[in-house]
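I sat down with a fresh page and a new model to look through. Here is what I looked up, in the order I went.

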Amino acid sequence: IGKRNFEFVKSGSGTNIVFVPGSFSTSTAWRGVQERLPKGYQLISTSLCGYGETTESRTLTNNSIEHEIEVVLNVLDQLCQPVHLVGHSFGGLVCFTTALRAKLDIKSITTFEANPLSLLKQNIYEKSFKTVRGISGQFEEEHFSGNRDAVKLIIDYWGGNGSFSSMPKVVQDYCRASALTNILDWRTAFTFCASNEDYQKLKIPCLIVRSELANTAMVQISNSLSNSIPNSQTAVVHMANHFLINSHPSECANLLATFLEGHN
């Protein structure tokens, strides 16, 4: 295996904030939020496996969460001081897994619609877990049988009906081209099985943000996270869906800035 490349984009100066985008995304996904943050922060963005400049190291049979943790650890290794971690969707899951797995100097975690799916398996959310499993399975099946629009299933599941159709053609094409990487993301997400008890051990301040139009599974996951993490706050972005960091950058930036003010 050749040397892996990890995307690392840096701007500003001050306290470190590391931004981790989700599936179908690169470091540019955070631009709107970053441009609206106050000065005094060094903003570092990366991309997860197979997106942007970050090399894909996973395969259909080797797709553990360790591949993604390695991306975040590589970024943190380049920074000497403590960091604030910020993640969207699958990137939020990766932020939590990194904090749960490794002893690191993380000052806080902020997530926008983080989706640690294993939390659905617990208690009363088994039905949602089966639904998510079913959709991801159907997506794989349709993709591997040649349906170029299989990604519509996933985009509309998280963003609501019509989300994929309303995207510009260039974005639709990018999503189609990234379908296999997203299948790996689903498989990776299902390999990580932290429980409510695991999250109870997280002592870091956490801000858990979801959208007002979030689907049932996302509401349940957000509730589980906030009920489990001792030092957590929650927020809801009005009239937004899963892609809130792009559609509502000002609201997301304001929530993040206010939270970080209290935890610097």
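These entries go from the whole chain to its charged pairs and then to one threonine.

**Entry 1: the whole chain**

I noted before anything else that this is a predicted model. I went through the secondary structure and found 11 helices and 7 strands in the chain. Then I checked the overall size: the radius of gyration is 17 Å, close to the 18 Å from the globule rule for 264 residues, so the chain is as compact as a globular protein of that length. Along the principal axes, the C-alpha atoms fill a box of roughly 50 × 45 × 35 Å.

**Entry 2: inside and outside**

How much of the chain counts as buried? I got 56% of the 264 residues. On the outside, the chain exposes about 11500 Å², and carbon and sulfur atoms supply 50% of that area. I also looked at the contacts with a separation of 6 or more, and 77% of them are accounted for by residues 24 or more positions apart.

**Entry 3: charges**

I counted 22 positive and 23 negative side chains, with the centres of the two sets 2 Å apart. A reminder to myself: side chains of opposite charge can pair when their charged atoms come close. My count of salt bridges came to 11. I picked three of them for a better look.

**Entry 4: E68 and R58**

In this salt bridge, the closest N and O atoms of E68 and R58 are 3.2 Å apart. E68 sits in helix α2 (residues 66–77) and R58 in the loop between β3 (41–45) and α2, so the pair ties together parts that are 10 residues apart in sequence. Are these two residues buried or exposed? E68 has 0% relative accessibility, so I put it down as buried. R58 is at 5%, and I put R58 down as buried too. I then asked which residues share a network of salt bridges with this pair. E56 and D185 turned up, linked with R58 and E68.

**Entry 5: D149 and R176**

Here the closest N and O atoms of the salt bridge are 2.6 Å apart. The pair links distant parts of the chain, with D149 in the loop between α4 (126–144) and α5 (151–159) and R176 in helix α6 (residues 169–177), 27 residues apart. D149 counts as partly exposed because its relative accessibility is 34%, whereas R176, at 17%, counts as buried. The cut-off for buried is under 20%, so R176 falls inside it.

**Entry 6: K169 and D173**

I stayed with helix α6 for the third pair, since K169 and D173 both lie there. They are 4 residues apart, about one turn of the helix. The closest N and O atoms of their salt bridge are 2.7 Å apart. K169 counts as exposed, at 60% relative accessibility, and D173 as partly exposed, at 28%.

**Entry 7: T110**

To finish, I left the charges and went to T110, which has its place in strand β5 (residues 106–112). Its relative accessible area is 0%, so T110 is buried. What is T110 in contact with, leaving aside its neighbours within four places in sequence? I listed L85, V86 and G87, then L207, and then L256 and F259.

Key:
Residues are numbered from 1 along each chain as its sequence is written. This is a predicted model: local features need pLDDT of at least 70, side-chain atom pairs count only at pLDDT 80 or more; totals for chains, interfaces and linings use all residues. Side-chain values use heavy atoms; hydrogens and water are left out. Helices (H or I, at least four residues) and strands (E, at least two) are DSSP runs, numbered from the N terminus. The radius of gyration is taken over C-alpha atoms; the globule rule is 2.2 Å times the number of residues to the power 0.38. Buried means under 20% relative accessible area, exposed over 50%, partly exposed in between (1.4 Å probe, protein chains only). Contact means heavy atoms within 4.5 Å. Accessible areas come from the Shrake-Rupley method with a 1.4 Å probe; for residues, only the protein chains shown count as cover. Lys and Arg count as positive and Asp and Glu as negative; His and the chain ends are not counted. The place of a charge is taken as NZ of Lys, CZ of Arg, CG of Asp or CD of Glu. A salt bridge is a side-chain nitrogen of Lys or Arg within 4 Å of a carboxyl oxygen of Asp or Glu.
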